[in-house]
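User: I would like a close look at the salt bridges in this model. Please take me through them step by step.

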Amino acid sequence: MTKVTDPFAASPQLMKQWMAVSMAAEKSLEKSLIELVKIRSSILNGCANCINMHSIDARAAGETEQRLYLLAAWHEAPVYTPRERAALAWTDALTRVSQGHTQRQAREALDAHFTAEEQMNLTVMINVINGWNRIAIGFDLWYEGGAPAKAA
């Protein structure tokens, strides 16, 4: 059997479709919010690959070091807008769904700051990044500058 080191080579058609969903979800909300959500979910899932990748993307899009460092403790950090806080709470609730169903409280804040369409877009994005985390963690992947490499 051949080990998966590049999901796109292992299953090109399915990964092409997965990438299309990923790109559509990524374009559905503001870039800064999307990157915060991707990084927060990746922190919760322990995906070093995705934390690395999306921190680079967030910095390139103008995100500050302070806000990136504080994502691990966003509840206590006053540097996020109410809309971002609602998105981060929703990210936490959906990413940690196996630890208890806390989405009702998170959804109240979500309702106050996001339209119904935006809520669905955000929910799909959270599912997408959780999926990417599982692909990267499951196959021990590390992408450096777009090229897959084996993690140390």
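Analyst: Start with Glu26. At 22% relative accessibility, Glu26 is partly exposed, because buried would require under 20%. Keep in mind that this is a predicted model. The side chain of Glu26 meets that of Lys31 in a salt bridge, at 3.5 Å from N to O. Lys31 is partly exposed too, with a relative accessible area of 35%.

Now move to Arg67. Its side chain forms a salt bridge with Glu63, at 2.4 Å from N to O. Are these two partners buried or exposed? Arg67 has a relative accessible area of 12%, so it is buried. Glu63 stands at 13%, so it counts as buried as well.

Arg67 also meets a second partner. The side chains of Arg67 and Glu84 make a salt bridge, at 2.7 Å from N to O. This pair links distant parts of the chain. Arg67 sits in helix α5 (residues 65–69), while Glu84 sits in helix α6, 17 residues apart. Glu84 is buried, with a relative accessible area of 9%.

Some salt bridges share partners. Through such sharing, Glu26, Lys31, Glu35 and Lys38 are joined into one network. How many salt bridges are there in the whole structure? A search finds 10.

Follow the helix of Glu84 one step further. Helix α6 (residues 82–95) packs against helix α8 (residues 116–138). Their axes are 10 Å apart, at an angle of about 50°. The two helices are therefore oblique to each other. The crossing of α6 and α8 is right-handed.

How values were computed: Residues are numbered from 1 along each chain as its sequence is written. This is a predicted model: local features need pLDDT of at least 70, side-chain atom pairs count only at pLDDT 80 or more; totals for chains, interfaces and linings use all residues. Side-chain values use heavy atoms; hydrogens and water are left out. Axes are lines fitted to C-alpha atoms, for helices over the stretch in contact, and angles run from 0 to 180 degrees between N-to-C directions. Helices (H or I, at least four residues) and strands (E, at least two) are DSSP runs, numbered from the N terminus. Angles under 35 degrees count as roughly parallel, over 145 as roughly antiparallel, 65 to 115 as roughly perpendicular and the rest as oblique. A crossing is left-handed if the near helix is turned anticlockwise from the far one by less than a right angle, and right-handed if clockwise. A salt bridge is a side-chain nitrogen of Lys or Arg within 4 Å of a carboxyl oxygen of Asp or Glu. Buried means under 20% relative accessible area, exposed over 50%, partly exposed in between (1.4 Å probe, protein chains only).
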